[in-house]
Amino acid sequence: MNSSLKSNLDTLKNMFASSADFTVREMVISAQKPINAAIITIEGMCSKEVIALSIINPLLSHSFSDGSADEVFDEIKQSVLTSSEIVEFNTFDEAIMFSTSGFAVLALDGTQRMLAVGVQGFSFRSVSEPESEVVQRGSREGFTEPLRINMTLIRRRIKNPDLVFETLTVGEESQTQLMLCYLQKSASPEILDEIRKRLNKSNLKNLLASGYLNEYLEDKGSMSIFSGVGISERPDTVCGKLAEGRVAILVDGTPAAIILPHLFVEEFQSVDDYSNRPYYAAFIRILKYLSFIIAVFLPGVYTAFAQYHPEYFPTGLLIKTAESLSATPLSVTLEALIITFVYEIMREAGLRIPKPLGHAVSIVGALVIGESAVSAGFISSSTLMVIATAAICSYVTASLYPPITVLRFSYIIIGGIFGLWGIVLATCIVLINMCSKTSLGVPYMSSLAPFSMRSMRDVFIRASWKTLSKRTIKVQKFPETEDVYADEN
Amino acid sequence: MFKKLSALFLCAISLALSGCSQSKQIDKAYIAETVAVFENGGKTYYSFYLLSDSETPVYTAVAAESLEDACEKAKKESVPNLMLSKLGLYVSEKSSAEKNLKGDTQFIAENAYFSPLIYVTLCGDGVVEMLDSDKEFGEKLEELIILNKKKDSSVSVTSLSIFNNFYENKGKDLALSYINSDKELKAEVIKMPLKK
Amino acid sequence: MLTKIKFPSKRLMLALLLSFCSVILLEASYFPKNSSFLFLLFSVLVGFLFAGLLFIPSAVIKSKTDLGFIAYADKKTPSAVIFVSALYCIYFVYTAEYFLLKYSDMFSKRINSDANIYAVAFILLACAVYSACKGANAAVRCSLFIFAFSLIAFVVIISGNISNIEIKLSDFNISGSQSDFISTASLFATPAFTAVIFAVLSGSIKNFRSRHIAITLIIGAAIFGLYIFFALFALGDYAQAQEYSAFLLSKTAHFESVGGLDSFFLASSLLCVFLVLSLSLICICKSSGKSGSPVFASLFALLIFILFISSSFFYSVKKLLTDPYVFNVLTVICAAAVPCVYIIFGRRRLNV
């Protein structure tokens, strides 16, 4: 930076390409020798009232002692400004970083230093219940877009100096801020180092959502339809994971935290399990596992049975199924694929459609697709029932919806071509893939394969809190956790 | 690139060679649940009763010397997609059973698609006609067979049991279930001598 | 990602136990006429004792050196290890071929006679190649799920047959001929192939105890015994009319009017064969020092497939590849003879 205010302002204006939201409020500070000053802000990022109260008013009303520009600068920093957050810096990159983060940058003529004053006032969504992780008994707070608010939501729940927030910047152009959150005594230093390395290696130009980082954070050679990276919109869930030695990554602008390492069994755990009675929690867990199996296998097995093994149907069901299928023009495989495909279209439409129209679409979907198509003989009622049941079951574990969808389509095709034999073989392949997958060195199928009796207390059942509290199982202590650096070698 | 190419090659080969055109398909299959053996005009007939949703029984009868012969004729003449995996009841008039029961039991035992637990019963005159007119009659027969077994445990009521008795060859008579419809429908036990 | 982490010995034993079960599921018929239950049980015990003896050399090497046999041979005779590797590769190709042929026969006779058996074998081998590329650890972890399913299938099929049991007291006398004893004992000795798998993979296991082998063999013998009991007393002579009495047991299993349990047989047999083929390919790769190499595993899978095709054209080839006597002789060589030579000469070298 230059000592000349004009030169610094010109440089910054050029860097911002004379953008319309780059605003400069020039003023004269009345010291013995009047000193030119300027407050640089990005329109909409700062609160004008706070700027006036904590910067402009104090500057204009203060009687400065005689001194050089540097001495006046120090006096402003220490005694004049009433903001709680003041940072001194001297590079243009920092000036850009602070001003685009909602700080007001104060520059003085005659000194190379500048001050960033915390006066953020940009509008953001208020803390509300996350839509994708609804619970009955837990907190109704979910993450929002600003990073600082998300940090606060976590800090309020873990009032422990062990909780560390570490800043990183990713994205050559977007310069998006990330926070690594971990409990210093619980998290593994090797896992932390590896996460930092992978984030630094990412060659993203713009990081606009946390999902962009998933592929960089997954282990090499562990690509699979199941994600080795966990996502949560709930601060209470993240805090629970931090206590188990996991690391959370908050991304500015995304109302979700990435959690690493991530295991398959965690997809079936929810906050409600720990608030409800253990027997009910066990029932719900087992229900979730069964729903997952039904969601994935039911359409494929139905197709396989109808196409190749009709003798496996019970006699009563066999008559009804045969009658309904014989009345339709398409084979059962094609029917199942078409119904599943149409259902996916409706689901996507339902996500994107404006709320006022949503009701109309759901009625059209139910009546037209369901009722009329069956009456007209385009599809059979038995196939429709099977697909509908599988679809409902897939929402029990909503976080697994993408792999469930892919597997469901695959099994329908495989069942239609190869029968039950093909489905069993495909399942073997999927299991081999899942069993070989790791998440930062921790086997993805931990607790199940490798089997750990100790961690079974929180897999199919939820043991009582007396048992769970005796010892927290740290994720890096799971059996057969690998040295992540072996991956590099 | 190599992985993608090999996966594509694999899928192509699998689809080409899998023979998926040979699928049975539930909507095209004619599923036989009962077979009845009777004599008419000096000839032996095999009647296959098919699963259906209609009010009256759906059946097809062929003249044949054995169950094996009857299955082939039925597939050629009337029901090409005849499916026998769900066959649950074999009813034979006493006169036909003396000639055909052993051979038919052997045929059932040698073919994987038959269930070994097909109920087998002999019957008197008029019982097979009741199968033609009453759709629920087959279930009534099965109930009577099960009751008969409970009353007398030495009775052989399944094809598995009958096969084992035929081949045990200890000179004992074979106790079989017999459905009589003289006055009312009832199940009895009759003995058939086992030839050494 | 191929892992170098060692896995517990108990898990390998579980995978080997499931491999035993493929013998029951795929064996066409091994109940000689007029043999009693105790006679067959005795044959099972002799067969498993034989299998147990074949585990001893590799168990000794593992206990003393914590190495698998190939690694041990490499350490002792680095120049000759290539011949040992070649021998074991041939053995595992034979093992894979043995079970693949038996499975394809069972598939075409019992499951779907219209299916193209070459496609079945090709796809099965391709999936086994994928499993081999992921390594022994992934395959052995997968065996936990296979075990869970197989256990359910076993319990369902056995309990579904309880109502069919008719006990004949005469079957508890020991009656059978010498030739029947030799043929049944040699058949029940084929699970000894797991000793060779153990010899190759023992270097990747931790917490090994000799009692793990004993317990596995005892459980295997118990499963075989239970299976023979049900086949004799629930199926009786019916089992002689058709091959694959395990399939018949699944067909006769029922709970009131609920049947169709032969689907469990279909699934279990496929899972066990898949595991055997995967372990065979994994052992081939490990014996050659090319663990996790997709090209290497694919080459051997292609070789197995070519042999499979040729066996369908040349009956003598098929007979050779499915002969339990030949299989047992090769097993003795690979599980006992060669390791014993190394143990004896290895000691002598130390003493010199």
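User: Why is Gln175(A) called partly exposed rather than buried or exposed?

Analyst: Count the neighbours: Gln175(A) has 16 other C-beta atoms within 10 Å. A residue is buried with 20 or more other C-beta atoms within 10 Å of its own, exposed with 12 or fewer, and partly exposed in between, the C-beta atoms being placed from the backbone. With its 16, Gln175(A) therefore gets the middle label. Bear in mind that this is a predicted model, where local features need pLDDT of at least 70, side-chain atom pairs count only at pLDDT 80 or more, and totals for chains, interfaces and linings use all residues. Residues are numbered from 1 along each chain as its sequence is written, and chains are lettered from A and ligands numbered from 1 in the order in which they are written.

User: What makes the phi of Gln175(A) worth a remark?

Analyst: Its sign. Most residues other than glycine have a negative phi. Gln175(A) is not a glycine, yet its phi is positive, about 50 degrees. You'll find Gln175(A) in the loop between strand E6 (163–170) and strand E7 (176–183) of chain A; strands here are DSSP runs of E with at least two residues, helices are runs of H or I with at least four, and both are numbered from the N terminus.

User: Ser447(A) has a positive phi too, so how do you know whether Ser447(A) is buried or exposed?

Analyst: Ser447(A) has a phi of about 85 degrees, and 23 other C-beta atoms lie within 10 Å of Ser447(A), so that one is buried. Ser447(A) sits in the loop between E12 and H16 of chain A.

User: What else is in that loop, and what makes the bond from Ala449(A) to Pro450(A) stand out?

Analyst: Pro450(A) is also in the loop between strand E12 (442–443) and helix H16 (465–470) of chain A. The bond is cis, with omega near 10 degrees, whereas most peptide bonds are trans. Another cis bond joins Leu260(A) and Pro261(A), with omega about -15 degrees. Pro261(A) belongs to the loop between strand E10 (257–260) and helix H9 (271–275) of chain A.

User: How do you know which side of H5(A) the buried residues are on?

Analyst: In helix H5 (residues 147–155) of chain A, Leu147(A), Asn150(A), Leu153(A) and Ile154(A) are buried. They span an arc of only 120 degrees around the axis, so they are on the same side of H5(A); the arc is that of the directions from the helix axis to the C-beta atoms. Among what covers them are E7, helix H8 (235–243) and strand E9 (247–251) of chain A.

Definitions and conventions. Two residues are in contact if their C-beta atoms, placed from the backbone, lie within 7 Å.
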